[in-house]
Amino acid sequence: MNHNWRASLFRRLALLLSACLLLGLLSGEYAWALVLGLAGYLLWNLRQLLRLQQWLNTRQGDETPPDGYGLWGEIFDSIYHLQRRDQKVRGRLQAVIDRVQESTAALKDAVIMLDRDGNLQWWNLAAEKLLGLKTPQDSGQQITNLVRDPRFIEYFEGSHYSEPLELPSPVSDRLRLQFQVTQYGNQEHLMLVRDITRLHQLEQMRKDFVANVSHELRTPLTVIAGYLETLLDNVDDVKPRWLRALQQMQQQGVRMQNLLNDLLLLAKLEATDYPSDNQPVNIYDMLQTIQHDAQAFSGKRQHQISLSADPSLKLKGSEAELRSAFSNLVFNAVKYTPDLGEIHVRWWGDAQGAHLSVQDTGLGIEEKHLPRLTERFYRVDSSRASNTGGTGLGLAIVKHVLLRHRATLQVTSRLGSGSTFSCHFASSQVVQPSE
Ligand code: ADP
């Protein structure tokens, strides 16, 4: 092929030159004949160039190129083949994109692609159903304008996506959604949204069941505890061999009552995401009372409980819940620190927010237990716990209260050399002097 057009080009040029020579021979004007021949050749080339340009401009779809001769024909064909190949590659790419889009469209989970500023770029059909996104009006919109829940905005802008977020759907309160954001490429976001309504309902049933059982058990237990107390108040009428049994029954009764109270408190904490009473709480006064109560609880064990707290630093939240969380931490320190041990409670503020720490010189906790400490009924050592009469729910309550007050719990501990439980509250939770 290559040789063909090369040979024909040379043949053509040789023919042109021969014709010019012949014309020169006949007319005796060699120079003019050559000029004439070359001008003709130039004009012919220009015409081919114009045809090419016209074809490229007016070409529609798969239209074949005009016929060309020699080198020009070759150029027309090469361009045409290049274009055909490009079209095929594009077609194949489009098919792949179509398949990916079709398969993600068929997903039950919503898939949403956002740029680095959180503007919507692409989403599948499920996103329209679960979040109410509209095609194409919402394209380029900020996701935080469409999902307006403050918890979502905080989660999205916080850029800490290790844990998913659960929220009701903006379309319907009955739908419960789980949001999971991943960053990729140039800080773009891929957001997956799952419908977890069924899971949420099951979880709700479990919570309701525990709350109902705890509630129902309270009345019979109060009656039994009441009779036991009456019996023990009249010790003289009780046969001596029953005395110890009755005392033990009363002790266990108190334990069960504590357990039910803790279970009910947990159920109450789980029922809503935020405390209903978001009032300024004077933590300094609260800690003083807790210190006093803890000293009384320590009694003959004579722990040294010290407090250094900022009297002006107040928190927004529920006083009852915070009291319950903080006293759990301080009472735990008393329970798990040997007699005469030291416990130091600190309350201070800085640029990050407000912090409470309870440090003890107690038994300490092995590192492997730390991640599971806030699980319900998780105990480091069951024999240790039954001696102290704990319910195993204390730290679960602490975790829930902190979660509701935008705070986190941090535990540092070494076996044999004491533990420090710290609560870190976000600045938004601190009462500012102007408020
Ligand atoms: P409990 O009612 O058993 O105290 P918690 O949920 O309050 O339940 O605590 C869970 C476990 O964590 C406890 O059983 C105990 O082993 C461990 N723990 C909690 N606080 C301390 C502490 N200050 N020092 C050592 N261990 C602790």
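## Close-ups of a predicted model

**View 1. Leu356 and the residues it touches.** Setting aside residues up to four places away in sequence, Leu356 touches Leu287, Phe326, Leu329, Val345, Arg346, Trp347, Trp348, Phe421, Ser422 and Cys423. Keep in mind as you look around that this is a predicted model.

**View 2. The largest nonpolar core.** Zoom out from Leu356 and you find it listed again: in this core of 41 residues, Leu322, Phe326, Trp347, Leu356 and Phe425 touch the most other members. Which elements give two or more residues to the core? The helices are H8 (240–271), H9 (283–298), H10 (319–335) and H12 (394–404). The strands are E9 (342–350), E10 (353–360), E11 (407–413) and E12 (419–426). Helix H10 hands over the largest share, 7 residues. If you're wondering about the background, nonpolar side chains tend to be buried together in soluble globular proteins.

**View 3. A second core.** There's another nonpolar core, separate from the one above, with 23 residues. Among them are Ala110, Leu130, Leu131 and Val193.

**View 4. Asn328 on helix H10.** Back to H10, this time to pick out Asn328, which sits in that helix. Which residues is Asn328 in contact with, once neighbours within four places in sequence are left aside? They are Gly394, Ile397 and Val398. You can also try a distance here: the C-alpha atoms of Asn328 and Ala294 are 10.0 Å apart, and the two residues are separated by 34 residues along the chain.

**View 5. Polar contacts of the ligand.** Three residues are worth finding here. Gly392 has a polar backbone atom 2.7 Å from a ligand oxygen. For Thr391, a backbone N or O atom lies 2.9 Å from an oxygen atom of the ligand. With Arg379 it's the side chain that takes part, with an N or O atom 3.3 Å from a ligand oxygen. How much of the ligand's accessible area does the protein cover? The answer is 99% of the 530 Å² that the ligand has on its own.

**View 6. The shell around the ligand.** Now for the whole neighbourhood: there are 20 residues around the ligand, and Asn332, Tyr336, Asp360, Gly392 and Leu395 come nearest. By type, the shell splits into 10 nonpolar, 6 polar and 4 charged residues. Helices H10, H11 (382–388) and H12, along with strand E12, each give two or more residues to it. H10 turns up once more, with the largest share of the shell, 3 residues.

Technical notes. Residues are numbered from 1 along each chain as its sequence is written. This is a predicted model: local features need pLDDT of at least 70, side-chain atom pairs count only at pLDDT 80 or more; totals for chains, interfaces and linings use all residues. Side-chain values use heavy atoms; hydrogens and water are left out. A nonpolar core is a set of buried Ala, Val, Leu, Ile, Met, Phe, Trp, Tyr and Cys residues joined through side-chain atoms within 4.5 Å. Buried means under 20% relative accessible area, exposed over 50%, partly exposed in between (1.4 Å probe, protein chains only). Helices (H or I, at least four residues) and strands (E, at least two) are DSSP runs, numbered from the N terminus. Contact means heavy atoms within 4.5 Å. A residue is near a molecule or strand if one of its heavy atoms lies within 4 Å of it. A polar contact is a pair of N or O atoms within 3.5 Å; within protein, one must be able to donate a hydrogen and the other to accept it, and residues adjacent in sequence count only if both atoms are side-chain atoms. Accessible areas come from the Shrake-Rupley method with a 1.4 Å probe; for residues, only the protein chains shown count as cover. Ala, Val, Leu, Ile, Met, Phe, Trp, Tyr, Cys and Pro count as nonpolar, Asp, Glu, Lys and Arg as charged, and the others, Gly among them, as polar.
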